[in-house]
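Student: I'd like to learn how to read a fold without getting lost in it. Could you walk me through one?

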Amino acid sequence: MTAIVWAWLGPEPRLAHALVASIAVLVIACPCALGLATPMSILVATGKGAGAGILFRDAEAIEQLRRVDTLVVDKTGTLTEGRPRLVAVQPASGFDETHLLRVAAGLERGSEHPLATAVLAAARERGLALDAADAFEARVGLGAVGRVGGRAVVIGNRALLDAEGIDAAPLAAGARALREDAITAIFVAIDGRPAGLLGVADPVKPTTPEAIHRLRRDGVRIVMLSGDHPATAEAVARRLGLEEVHAGLLPAQKAEIVDRLRAEGRVVAMAGDGINDAPALARADVGIAMGTGTDIAMQSAGVTLVKGDLRGIARARRLSGKTVANIRQNLFFAFVYNALGVPIAAGALYPAFGILLSPMFAAAAMSFSSVSVIANALRLRRISL
């Protein structure tokens, strides 16, 4: 259009003016700044996050996190340290403490669950010789079954014993007492008989109360999920001042709760660390995995907190907000540059002032626009998280 107008209405030499003006328009309209606006901000934000122990898988996670208004958080390994310790061994009538722990630890050798690690650690501390487990089978969200030393062993929650047709009633009172002290009760059955309880305590991370306070201050609703018995989960929730608690959940049920919250119009982030959390992490708007957890959890999440510190979520939300604001500033610079530069390059100032923009100066202006966008994006390196 510029070439046609100058060739038709411009002063002599018309073709020369048409060529110069049209080249200036082509140069200054090059969308370099526009193309750099978003990628530069995302690149700098990703580096800033990595320095703070926050790993973003993609740009979508950075952009979505600022919109999160509901955080669904797993208990074990997320709110708590995820390094539980065996604090109680309660054998049933007809079983002794050492035998109960040895058989349970023998089966748990095939499991990667944090509670299994605690049982194994306690057995090793006592110097117990462990038999190899045969026919080991993990029951997700329930526990494990198998054979140890030729004996059929079932270890997990009460639902697992019920599913195996084992009467857990003789262990119910002891389990209730453990849960009231925020101790997870693990049921053990040997050869179809209830053999006893193992009590495992998982202390709350020292940083968790501060993280919850910061998130609430930012207006984030916090919902706690747990596969533990409701009494154990509620005891932990009381310590942290959490009111919304869902306990005794299977992995699919955690994902269902995430889906229900999203159906209510909530923007949901899910924080977890284990295999059981993977379905919910994948279904949330933003999945947040603990770097201290399992690989499958990190593969299912868009954000990984390297140190497993929940305060990183508040930092990540702040970085997300700053990054999106920075992207908008960059886009503003790019559009304003084109909106002002293209008419000037086309010769809008020539009739009144006799000014015609040289392609050389158009190229310099284009470079300046790109530099402005890059410099603005680099400001993200200096923000405080």
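Student: Let's start with strands E4 and E5: do they run parallel or antiparallel, and how many bridges join them?

Tutor: The general idea is that strands of a sheet pair through backbone hydrogen bonds, either parallel or antiparallel. Here, keep in mind that you're looking at a predicted model. Strand E4, residues 133-139, and strand E5, residues 143-148, run antiparallel and are joined by five bridges. To find the register, look at glutamate 137, whose bridge partner in E5 is valine 145.

Student: And which residue in that hairpin takes a positive phi?

Tutor: Glycine 141 does, with phi near 80 degrees; the hairpin of E4 and E5 has three residues between the strands. Go on along the chain and you meet another hairpin, made by E5 and E6, with two residues between them. Its turn holds glycine 149, which has a positive phi of about 60 degrees.

Student: How many bridges pair E5 with strand E6?

Tutor: Six, again in the antiparallel sense, with E6 covering residues 151-156. A handy anchor there is glycine 143, which has glycine 156 as its bridge partner in E6.

Student: What is the strand order of the sheet that holds these hairpins?

Tutor: Read across the sheet rather than along the chain. You get E3-E8-E7-E6-E5-E4, an open sheet of six strands with antiparallel pairing. Strand E3 (85-91) and E4 are the edge strands, each pairing on one side only. Neighbouring strands are turned by 20 degrees against each other on average, direction ignored. At the E3 end, six bridges join E3 to E8, and these two run antiparallel. Valine 89 stands opposite leucine 198 in E8.

Student: What about the sheet with seven strands: which order does it have?

Tutor: That one is open too, ordered E1-E13-E12-E11-E2-E9-E10, and its pairing is mixed. Its edges are strand E1 (54-56) and strand E10 (244-246), each pairing on one side only. For a parallel pair, try strand E2 (residues 70-74) and strand E11 (residues 268-272), which share four bridges. Leucine 71 stands opposite alanine 269 in E11.

Student: Which helix packs on that sheet?

Tutor: Helix H15, residues 311-346. It touches E1, E2, E11, strand E12 (286-290) and strand E13 (303-305), and its direction makes about 50 degrees with that of E1.

Student: Now helices against helices. At what angle do helix H2 and helix H17 cross?

Tutor: Roughly 10 degrees, and the axes of H2 (residues 14-28) and H17 (residues 359-378) come within 8 Å. Angles under 35 degrees count as roughly parallel, so H2 is roughly parallel to H17. On the H2 side, the contact is made by Val20, Ile23, Ala24, Val27 and Ile28; H17 brings Pro359, Ala362, Ala363, Ala365 and Met366. By class, that's ten nonpolar residues, no polar and no charged ones.

Student: Is threonine 207 buried or exposed?

Tutor: Buried means under 20% relative accessible area. Threonine 207 has 19% relative accessibility, so it counts as buried. You'll find threonine 207 in the loop between strand E8 (193-201) and helix H10 (208-217). Leaving aside residues up to four places away in sequence, threonine 207 touches Asp309 and Arg311.

Student: Last one: where in the chain is confidence lowest, and where is it highest?

Tutor: As a rule, where pLDDT is low, the predicted coordinates should not be read in detail. In this chain, confidence is lowest in helix H16 (residues 350-353), with a mean of 78, and highest in strand E9 (residues 221-225), at 95. The chain average is 88, and 100% of the residues score at least 70.

Terms used. Residues numbered from 1 in each chain as written. Predicted model: local features only at pLDDT ≥ 70, side-chain atom pairs only at ≥ 80, totals over all residues. Heavy atoms only, no water. Pairing = 2+ DSSP bridges. Contact = heavy atoms within 4.5 Å. Axes fitted to C-alpha atoms, helices over the stretch in contact; angles between N-to-C directions. pLDDT = per-residue confidence, 0-100. Parallel < 35°, antiparallel > 145°, perpendicular 65-115°, else oblique. Nonpolar A, V, L, I, M, F, W, Y, C, P; charged D, E, K, R; others polar. Buried < 20%, exposed > 50% of the residue type's maximum accessible area, 1.4 Å probe, protein only.
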